[in-house]
Each structure stands twice: as C-alpha cells, then as structure tokens.
Amino acid sequence: MSYFTPLQRDLNKYLSKRQVEKIYQSYLFAEEAHSEQKRSSGQPYITHPVATAKILASMHLDGATIMAALLHDVIEDTDIEKETLRKRFGREVAELVDGVTKLTQIEFESYAEAQAENFRKMMLAMTKDIRVILIKLSDRLHNMRTLTHLKTRKQRRIARETLEIYAPIANRLGMYAFMIEFENLGFSTLYPERYRVLEESIKRARGNRKEILAVIEKALKLRLKKAKAPYIKLVGREKHLYSIYCKMRRKRHRFSEIMDVYAFRIVVENVDLCYRVLGIIHNLYKPVPERFKDFIAIPKSNGYQSLHTTLFGPYGVPVEIQIRTVDMDQIANSGIASHWLYKSRKRGSHDNHLRAREWIEEVLQIQQSTGSSLEFIENVKVDLFPDELYVFTPQGDIVKLPKGSTVVDFGYAVHTEVGNGCIAAKINRRLAPLSTVLRSGQTIEIITAPGARANPNWLGFVITGRARSGIRHFLKTQKRSQSITLGRYLLEKALQESALVQKELNKEVGNQLIEQLNLKSLEDLLEQIGLGNQMAPLIIRRLENQMHLKHPSSQKSLSAPLSITGTEGMVLNFATCCYPIPGDPIIGVLSAGHGLVVHHSNCRSLAAAGGAPEKYIQLCWEEEVEGQFRINLRVEIYDCRGALARLASAIAGAEGDIIDISVEKKDPDYSIANLMISVHNRVHLANIISAIRKIKDVVKVWRQRSAN
Ligand code: MN
C-alpha cells in the first residue's frame with residue numbers, strides 16, 4: 001500500500017477520477033524528488049507532503065491546491081526548479097508551489113512582539129493567491145503535530161512563531177479549527193508544565209461541571225421542543241486550553257471564574273430561527289444586560305456570524321449561548337476555506353477561488369455598510385487585493401507603504417530628514433536609483449548627505465502623500481529663505497543709493513509701508529523683493545516720499561555688483577536665450593515670481609525687453625565657480641561620411657558633454673549642427689571650440705547667444 005492510498009480515499013469523495021489521477025502523478029513526482037530525504041521522525045519525507053495534502057483534502061480544496069501541497073517542499077528542498085514544475089504540471093500548480101516556497105524563505109528568527117503583526121501582514125501581502133496561505137497553514141499544522149521529533153530549541157522557536165504568526169493568520173481568515181490546534185500545540189511546546197497543570201485542572205473541573213451542564217442542556221432542549229423550534233445541534237462547549245490561559249493572564253481571572261461559565265452552541269436551519277430561538281431561551285433564563293451581541297447583523301471583521309448572549313442559569317451560574325445557522329457554523333470553523341467545502345453542495349463549475357474572493361468582497365460590503373471595524377479591510381484585503389507592500393529598514397524594522405512606492409517614498413516614511421537628505425539607496429545591499437519601485441520583503445538602506453536637498457523632479461515619481469508634501473514643504477521653505485536672502489541684498493543696495501542712507505529709517509514708516517502692501521512682516525517684504533514681485537528701488541522711493549526726503553539725483557551705482565556662483569538655488573536662474581557661463585559678462589533681471597534671471601550682457605532679448613532700470617541688477621561671477629553650464633554651439637560642417645561622429649568625438653575629447661544635437665541642411669554639401677553642450681566656464685568652452693576647429697570638415701563654429 002502506498003502512502004497515497006488514504007489520501008486517495010478522501011479525494012475520491014469529491015474529485016473526478018481524472019483529477020485524482022493527475023494528483024497521483026504529482027505524488028509520484030514528489031516521492032521521487034524526496035526519495036533521499038527522511039523526516040526527523042525517521043519516516044520517509046513524502047509522508048509530510050501527503051499529510052499536508054490530506055488536511056487540505058478534508059476541506060475539499062481543488063485539485064491544483066492538492067497537487068501543490070504534494071509538491072510544496074520540492075523547490076525548497078531539492079534541486080528541482082519552478083520551470084520544471086510548470087512544464088510538468090502547468091502554471092497554476094507551479095505558481096502555488098512558488099508562493100509557498102517564498103513564504104517558507106522568510107526568516108522569523110528575531111523580532112519584537114510589535115513586529116509580529118507586520119510579519120503577519122507581510123505574509124498576506126506577499127501572497128496573491130489565498131490558496132498559498134491555506135497550503136502554508138496546513139504545512140505548518142502537520143509540522144506542529146510532529147514537532148516532538150525535533151530538538152528542543154528548534155521546537156520552541158517553531159512553537160513561538162506558530163503562536164505569533166500562524167495562529168493569528170488562521171484567526172483572521174476565520175479558520176478557528178486551525179487556530180485552536182495551533183494555539184494548543186504551540187502552548188504545550190512552549191510551556192509544557194503550565195499546559196499540564198492547566199489540563200489537569202480542567203479535567204477535575206469538568207467532573208464538577210457535568211451535572212449542572214446536563215441540567216441546563218435538558219432544560220434548553222425541552223423548552224425548544226415545547227416552542228416547536230427545530231434545531232440541528234445543541235451542544236455544550238468548552239474554551240480551548242490556550243484561550244483559558246490567555247484569559248487568566250490578560251484579564252487576571254481566576255481559573256474557577258473562567259470554568260464557572262457554562263457555554264452552549266445551538267445550530268439551526270436559517271436566520272429567522274436564530275432570532276426565534278434567542279427569544280425562547282431569553283424567556284427560559286433571564287439574559288445578563290448588555291451581554292447580548294448580534295454578530296449576524298454586524299459580522300466580526302473576519303466574517304464570523306452568530307448571536308451571542310449570556311443568561312442567569314440555575315443556581316446563579318452564567319450560561320453563554322451562541323446561536324447560528326449551519327452555514328455560519330461552517331464559516332466559524334473553516335472561515336475562508338469553507339468555500340471549497342461548499343462545492344459539493346452547491347452548483348459546481350464555478351471557480352472556488354473566485355467564490356472566495358466574492359465572499360471577501362461581500363464581507364467587505366457588510367463592513368462598509370455597517371461602518372464597523374476596518375480591520376478586515378486592513379488585513380485580509382491585502383492578500384486578495386494587494387495594494388500594500390512591506391519592506392525592511394537595515395535594522396530590521398518593517399515599513400508599510402502603498403503599492404508602487406519608490407525609494408524616496410520609503411525615505412520620507414522613515415523620517416522627513418531622511419527623505420530630504422537622500423542622495424542614493426541600496427536595495428538588498430545593491431545600489432539602486434531613487435525612483436526604483438519597491439517590492440515586499442526588500443531591505444532598503446538610504447544614503448543621505450548633509451548638504452543634500454529634496455529635488456523637485458522627485459515629484460514626478462513619488463506616490464505617497466507624505467513624500468509629496470515633504471518635498472513641497474522643503475522646496476517652499478528653501479525658496480522662501482533664498483528669496484529673503486536675495487531680497488535683503490537688493491533692499492540694502494537700493495538703500496545705499498538713497499537719501500535714507502544718512503538718516504535713521506523710521507520704523508513706524510517702514511511698518512506702515514509693509515501694511516500698505518498687505519504684507520505681515522519685513523521678511524515677507526524681503527521675500528517679495530527676492531521673488532521679483534516688488535522692486536527694491538521703488539520701495540525705497542515710497543519710504544523717501546513718506547519721510548519727505550528727496551531722492552539723490554546722481555544715478556551712478558555706488559555699491560559693488562552681486563557676485564554669484566550659480567548654485568544659489570531656486571531664485572536664481574540662467575536665461576535660456578543666451579546661456580551665460582562663468583567668465584561671461586552678466587546682468588540680472590528681476591522677473592516677477594521667479595527671482596533673478598541671469599543673462600549675458602550682450603543678450604539680444606535684453607534690448608528687446610527694455611523696461612524699468614530698477615529691474616536690472618549688476619552681477620559678477622565669484623572667483624571660483626564650479627558646476628556645469630549649458631551653451632549653444634552652431635557648427636557648419638561639410639557633409640561627408642563620419643563628419644558628425646568626428647565632431648562628437650572631438651567634443652568628448654575636450655571633456656564636453658553633448659546634451660542635445662540637431663542638424664539642419666544648409667545646401668547640398670553643407671549642414672549646420674546645433675549643439676547643446678555643458679561646460680564649466682569660458683576657458684573650457686574655448687578648448688572645445690578649438691578642438692572642433694581642428695576637424696578638417698568643419699567650416700565655421702560659433703556660440704549662439706540668443707535663440708531666434
Ligand atoms: Mn513542508
């Protein structure tokens with residue numbers, strides 16, 4: 001008899017002969033693949049995947065899931081690859097096995113209590129197909145059942161992980177049967193002594209309870225019969241061991257207090273009967289006020305539905321009653337997995353995975369319409385509608401981000417300073433561009449530099465509100481402080497050339513003026529001047545007038561020109577008509593809203609603009625200017641093979657970067673190449689031009705000072 005036989009018996013109950021045969025093929029494949037391996041118990045390895053598949057078969061999972069369960073350790077433990085599985089058993093099975101493998105590879109070695117929740121979420125988020133989770137849970141369940149064969153340390157690690165990660169996931173998916181087994185097995189492994197003591201106490205208490213339990217059960221049944229309310233099941237129930245333990249610990253209840261509660265479950269045919277039965281038993285024993293909960297009208301966040309009430313029983317003992325339909329009872333035990341179980345009862349053909357999705361969506365709707373806990377959307381939604389991702393900091397903390405988030409989003413999620421200061425990043429220790437879209441499970445390290453500034457271009461790819469507003473805020477404050485600096489310079493300059501220079505500026509007059517301009521402070525005024533919205537000389541004139549002073553007649557500029565480096569920031573821009581570079585004679589023009597625009601002194605557009613002299617600012621270059629500046633070159637060149645290539649290599653040879661190039665035909669033999677090149681300064685430009693002149697096909701080369 002093969003290990004497959006007992007599984008086959010279960011499969012025959014709900015799958016076709018053809019499907020079972022296909023599953024058998026995957027069994028043979030897995031058996032062969034694992035033939036060298038043994039379980040710690042000494043049994044052949046194949047017994048584990050078979051047991052996993054059997055758990056899933058008990059929930060009537062589809063053929064692909066059963067096949068994937070049989071193959072679930074093949075990629076992880078043998079040298080067989082996903083591609084091989086795809087060719088042999090199709091894409092669906094291969095994807096499922098791959099999903100399980102990925103979950104297995106997450107290491108839960110060390111994490112703080114607070115992190116556990118994020119790990120749970122991450123597991124769900126990494127899974128596109130809920131069946132992957134079901135296989136993983138079944139895999140873990142069998143491993144927990146056979147845990148005693150491992151070394152104690154490993155047992156404890158797996159048990160803790162089961163309690164912190166897997167039991168809550170089972171709970172979240174409404175799979176209480178799984179959750180209870182996970183918790184009891186995990187608890188008994190982690191705290192064997194406490195488990196033993198508690199188990200014995202329960203046994204003893206059970207003896208004392210028996211009598212009262214029987215009295216209540218009889219009374220309930222009798223009353224329901226009299227009222228002609230049919231029920232399908234009426235059973236006494238007990239809390240599971242681990243939940244008693246938690247209740248004692250968390251709520252500091254004494255053991256006797258917990259065990260003094262008598263609990264029953266009544267399962268009926270339909271919802272109407274649920275409420276009828278409720279009325280009948282409220283008539284039998286008085287309900288405890290405010291203990292009634294209607295989870296039928298407002299389901300729990302994992303889809304659980306039932307009526308809960310507590311009664312004053314005989315001898316004053318509290319009696320807890322749950323009333324629900326068969327369907328609700330099924331969901332209470334198997335949760336999301338119950339949808340596969342239903343297949344045999346409902347019309348087939350419909351894909352069960354789809355139905356599970358529909359169920360989730362239904363539950364979501366209930367949640368939304370009743371406005372109850374959003375927890376479900378937060379947690380279960382992520383696996384079926386993955387719109388969140390979870391990544392690690394280098395310290396192992398988990399950061400939750402919306403899907404599509406980039407490195408910069410991550411930076412701002414960590415801290416605004418980190419976002420503003422980021423210049424590069426490492427994803428899984430490899431350098432990656434700041435615009436890289438992140439995936440769940442990656443470790444992200446942000447490299448910051450003290451002088452780094454948020455870049456307006458980032459707004460093109462960040463998706464989180466936090467990053468967006470962080471960048472905007474940074475740019476705004478930066479622009480403001482730069483404007484104020486420039487504004488202060490301009491005002492001081494105008495002041496030196498005014499009649500006010502010998503007189504004390506009347507503060508009151510100054511404040512009056514700020515008010516007249518509808519501004520709040522001197523800083524606001526300086527900002528407006530820096531942005532080019534207010535002209536410093538005109539402000540000074542108004543002050544002179546208000547203080548009844550006469551403006552000096554001499555127009556000559558007394559103050560030194562403003563020296564610039566090109567790195568002043570957002571209130572200083574270089575004109576794109578004449579492209580001035582360090583070494584060129586320059587002049588600044590104030591442009592409303594944009595601050596100072598730097599032009600070449602000979603720029604033609606200046607003459608064309610004309611205008612008020614107070615708009616022009618004398619400028620000069622700092623001694624040492626570093627950076628890249630753009631210029632336009634025009635090159636007349638003889639059309640022959642390779643002429644453009646020679647031109648490009650001459651420019652590259654002189655260390656010039658070509659940013660843009662276009663060619664226009666002048667006549668049959670000659671063309672004009674328009675080049676945009678970035679250079680450091682005039683000397684650098686001269687070197688480039690002389691390199692170009694050396695090419696024999698070049699007729700003429702000149703710098704263009706104005707676009708037209
Ligand atoms: Mn396994």
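This passage describes a manganese site, a buried serine and an antiparallel sheet in a predicted model.

In the predicted model, the manganese ion is coordinated by two histidines and two aspartates, namely His48 and His72 through NE2 and Asp73 and Asp139 through OD. The coordinating distances span 2.2 to 2.3 Å. Along the chain, the donors of the manganese ion are arranged with the spacing H-x23-H-D-x65-D. His48 and Asp139 thereby link distant parts of the chain, being 91 residues apart. His48 belongs to helix α3, which covers residues 47-58, whereas Asp139 belongs to helix α9, which covers residues 130-145. Both His48 and Asp139 are buried.

A further buried position is found at Ser405, in the loop that joins β7 (398-402) to α21 (407-414). The relative accessible area of Ser405 is 0%, and this residue is therefore classed as buried, the cut-off being under 20%. The side chain of Ser405 reaches the backbone oxygen of Pro402 at a distance of 2.7 Å. When neighbours within four places in sequence are left aside, the residues in contact with Ser405 are Leu389, Thr436, Val437, Leu438, Ile463 and Thr464.

Attention turns next to the sheet. Four strands, in the order β17-β18-β16-β19, form an open sheet with antiparallel pairing. Its edges are occupied by β17 (657-665) and β19 (698-704), each of which pairs on one side only. On average, and with direction ignored, neighbouring strands of this sheet are turned by 20 degrees against each other. Helix α28, formed by residues 643-653, packs on the sheet and touches β16 (629-638), β17 and β18. The direction of helix α28 makes about 20 degrees with that of β18.

Within this sheet, the pairing of β17 with β18 can be described by residue. Strand β18 comprises residues 670-679 and pairs with β17 in the antiparallel sense over eight bridges. The two strands, β17 and β18, form a hairpin with four residues between them. Among the positions facing each other across this pair, Val663 has Ala673 of β18 as its bridge partner, and Asp657 stands opposite Ser678 in β18. In general, strands of a sheet pair through backbone hydrogen bonds, in either a parallel or an antiparallel manner. For β17 and β18, the arrangement is the antiparallel one.

Notes:
Residues numbered from 1 in each chain as written. Predicted model: local features only at pLDDT ≥ 70, side-chain atom pairs only at ≥ 80, totals over all residues. Heavy atoms only, no water. Donors = N, O, S within 2.8 Å, 3.2 Å for Na, K, Ca; no water. Buried < 20%, exposed > 50% of the residue type's maximum accessible area, 1.4 Å probe, protein only. Polar contact = N/O pair within 3.5 Å; in protein donor to acceptor, adjacent residues only side chain to side chain. Contact = heavy atoms within 4.5 Å. Pairing = 2+ DSSP bridges. Axes fitted to C-alpha atoms, helices over the stretch in contact; angles between N-to-C directions.
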